[in-house]
Amino acid sequence: MAKKQTAGRNQLGDFAPKFAELNDDVLFGQVWSREKELSLRDRSLLTVTASITKGSFEQPPYHMQAAKNNGITKEEIAEIITQLAFYVGWPIPEPATLLECDSSSR
């Protein structure tokens with residue numbers, strides 16, 4: 001079951017309350033809670049993949065940890081990164097490898 005998310009309100013609530021509401025209530029409240037349609041594990045797999053594909057490396061440490069919490073192994077994350085290298089271009093997923101190596105050493 002998806003955990004209630006309040007990161008948007010905690011971090012952005014004063015500055016951008018509507019954005020925080022949409023983040024917490026729609027994205028994490030309504031979309032991530034649709035586990036009958038797609039499991040948390042699969043949603044995490046897609047989210048990590050999408051973040052790496054976009055070259056967006058601000059959020060992946062959070063999403064990689066969430067993926068592990070949702071049942072994706074460190075080895076599977078390494079395979080995701082390796083697979084993506086051939087489809088999105090070699091240099092794009094490399095920072096994700098470095099992030100995962102760093103988080104695994106802690």
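Two residues touch here when heavy atoms of theirs lie within 4.5 Å of each other. Keep that in mind as we walk through this predicted model.

Let's start with I92, out in the loop between α5 and α6 (94–104). Leaving aside residues up to four places away in sequence, I92 touches I52, T53, G55 and F57. The backbone tells a similar story: the C-alpha atoms of I92 and K54 are 8.1 Å apart, with their positions 38 residues apart along the chain. And is I92 buried, exposed or something in between? Partly exposed is the label for 20% to 50% relative accessibility, so I92, at 30%, gets that one.

Two of those partners, I52 and T53, take us into α3, where they also belong to the set of residues meeting α5. Helix α3 covers residues 40–54 and helix α5 covers 74–88. Now for how helices like these are laid against each other. Two packed helices are described by the angle between their axes and the distance between the axes. For α3 and α5, the axes come within 10 Å and cross at roughly 45 degrees. That angle is above the 35 degrees that bounds roughly parallel and below the 65 where roughly perpendicular begins, so the pair is oblique. As for handedness, α3 passes α5 in a right-handed crossing. On the α3 side the contact is made by R41, L45, T49, I52 and T53, and on the α5 side by E76, I80, I81, L84 and V88. Sorted by class, this contact has six nonpolar residues, two polar and two charged.

Stay on α3 and look at what it does with helix α4, residues 60–69. Here the axes are 9 Å apart and the angle is about 155 degrees. Anything over 145 counts as roughly antiparallel, so that is how α3 and α4 run relative to each other. This crossing is left-handed. From α3 come S44, T47, V48, S51 and I52, which meet P60, H63, M64, A66 and A67 of α4. The class count for this contact is six nonpolar, four polar and no charged residues. I52 is worth a second look: it appears in the α3 set facing α4, in the α3 set facing α5, and among the residues that I92 touches.

One last stop is helix α2, residues 17–31, which holds D24. Buried means under 20% relative accessibility, so D24, at 1%, qualifies. Which side chain does the side chain of D24 make a polar contact with? That of N23, at 2.8 Å.

Methods
Residues are numbered from 1 along each chain as its sequence is written. This is a predicted model: local features need pLDDT of at least 70, side-chain atom pairs count only at pLDDT 80 or more; totals for chains, interfaces and linings use all residues. Side-chain values use heavy atoms; hydrogens and water are left out. Axes are lines fitted to C-alpha atoms, for helices over the stretch in contact, and angles run from 0 to 180 degrees between N-to-C directions. Helices (H or I, at least four residues) and strands (E, at least two) are DSSP runs, numbered from the N terminus. Angles under 35 degrees count as roughly parallel, over 145 as roughly antiparallel, 65 to 115 as roughly perpendicular and the rest as oblique. A crossing is left-handed if the near helix is turned anticlockwise from the far one by less than a right angle, and right-handed if clockwise. Ala, Val, Leu, Ile, Met, Phe, Trp, Tyr, Cys and Pro count as nonpolar, Asp, Glu, Lys and Arg as charged, and the others, Gly among them, as polar. Buried means under 20% relative accessible area, exposed over 50%, partly exposed in between (1.4 Å probe, protein chains only). A polar contact is a pair of N or O atoms within 3.5 Å; within protein, one must be able to donate a hydrogen and the other to accept it, and residues adjacent in sequence count only if both atoms are side-chain atoms.
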